[in-house]
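Biologist: I'd like to learn how to read a few features off a model. Could you walk me through them?

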Amino acid sequence: MSGFDPKDSTSVDMQVPDWVKDWSATSKACASAFRASTVWTGMPAEIDRVWNQGAQWLRDAGAEIVEIDLPHTKYELPTYYVVAPAECSSNLARYDGVRYGLRADGHVDRDV
């Protein structure tokens, strides 16, 4: 996924590189870190199959796959549930009509 999204205020309107061309030109010297093949509790077998297929595609393109251990994967989802609402709240705060902090002239900004 890449490119400008006019409905995403965090998206940047800039030219997207040709990822396939760039990958093909450098893939022989590229090593890709890939999560170790350990399966965490409750992970569907289909997800493991897709991960392995992705690794195979990289190998077929000439990349060396270096497996890494990610011992904290059990914290990914709980962390997401903390970070995502905080990010959303921060991003949408501009629409609530409330201003925080001091203005340059020293007055509290409470304009609505």
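Modeller: Let's go through helix 2, a salt bridge, a ring pair and a surface patch.

Modeller: This is a predicted model, where local features need pLDDT of at least 70, side-chain atom pairs count only at pLDDT 80 or more, and totals for chains, interfaces and linings use all residues. Residues are numbered from 1 along each chain as its sequence is written, and side-chain values use heavy atoms, with hydrogens and water left out.

Biologist: What span should helix 2 have?

Modeller: Helices are DSSP runs of H or I with at least four residues, strands are E runs of at least two, and both are numbered from the N terminus. The expected span is 1.5 Å times one less than the number of residues. Helix 2 has 16 residues, so it should span 22 Å, and its end C-alpha atoms are indeed 22 Å apart.

Biologist: Which residues of helix 2 are buried, and which are exposed on the other side?

Modeller: Buried means under 20% relative accessible area, exposed over 50%, and partly exposed in between, with a 1.4 Å probe and protein chains only. In helix 2 the buried ones are Asp48, Gly54 and Ala55. They cover an arc of only 120 degrees around the axis, so they sit on the same side of helix 2; the arc is taken from the directions from the helix axis to the C-beta atoms. Ala45, Trp57 and Asp60 are exposed on the other side. Just after helix 2 comes Gly62, with a positive phi of about 105 degrees.

Biologist: How many salt bridges does the structure hold?

Modeller: The criterion is a side-chain nitrogen of Lys or Arg within 4 Å of a carboxyl oxygen of Asp or Glu. The structure holds 1: Glu46 and Arg49 meet at 2.8 Å, N to O. Both lie in helix 2 (residues 45-60), 3 residues apart, about one turn of the helix. Glu46 counts as partly exposed because its relative accessibility is 45%, and Arg49, at 46%, also counts as partly exposed.

Biologist: And how do I read a ring pair?

Modeller: You describe it by the distance of the centres and the angle of the planes. Rings of Phe, Tyr and Trp (its six-membered ring) pair if their centres lie within 6.5 Å; planes under 30 degrees apart are stacked, over 60 edge-to-face, and the rest tilted. There is 1 aromatic pair here. The ring centres of Tyr80 and Tyr81 are 5.4 Å apart with planes at 70 degrees, so the pair is edge-to-face. Tyr81 counts as exposed, at 57% relative accessibility.

Biologist: Which residues make the nonpolar surface patch?

Modeller: Patch residues have over 30% relative accessible area and no salt bridge; like charges are joined within 9 Å, nonpolar side chains (Val, Leu, Ile, Met, Phe, Trp, Tyr) within 5 Å. Accessible areas come from the Shrake-Rupley method with a 1.4 Å probe, and for residues only the protein chains shown count as cover. Val66, Ile68 and Leu70 make a patch of about 210 Å². Leu70 is in the loop between strand 2 (64-68) and helix 3 (76-92).
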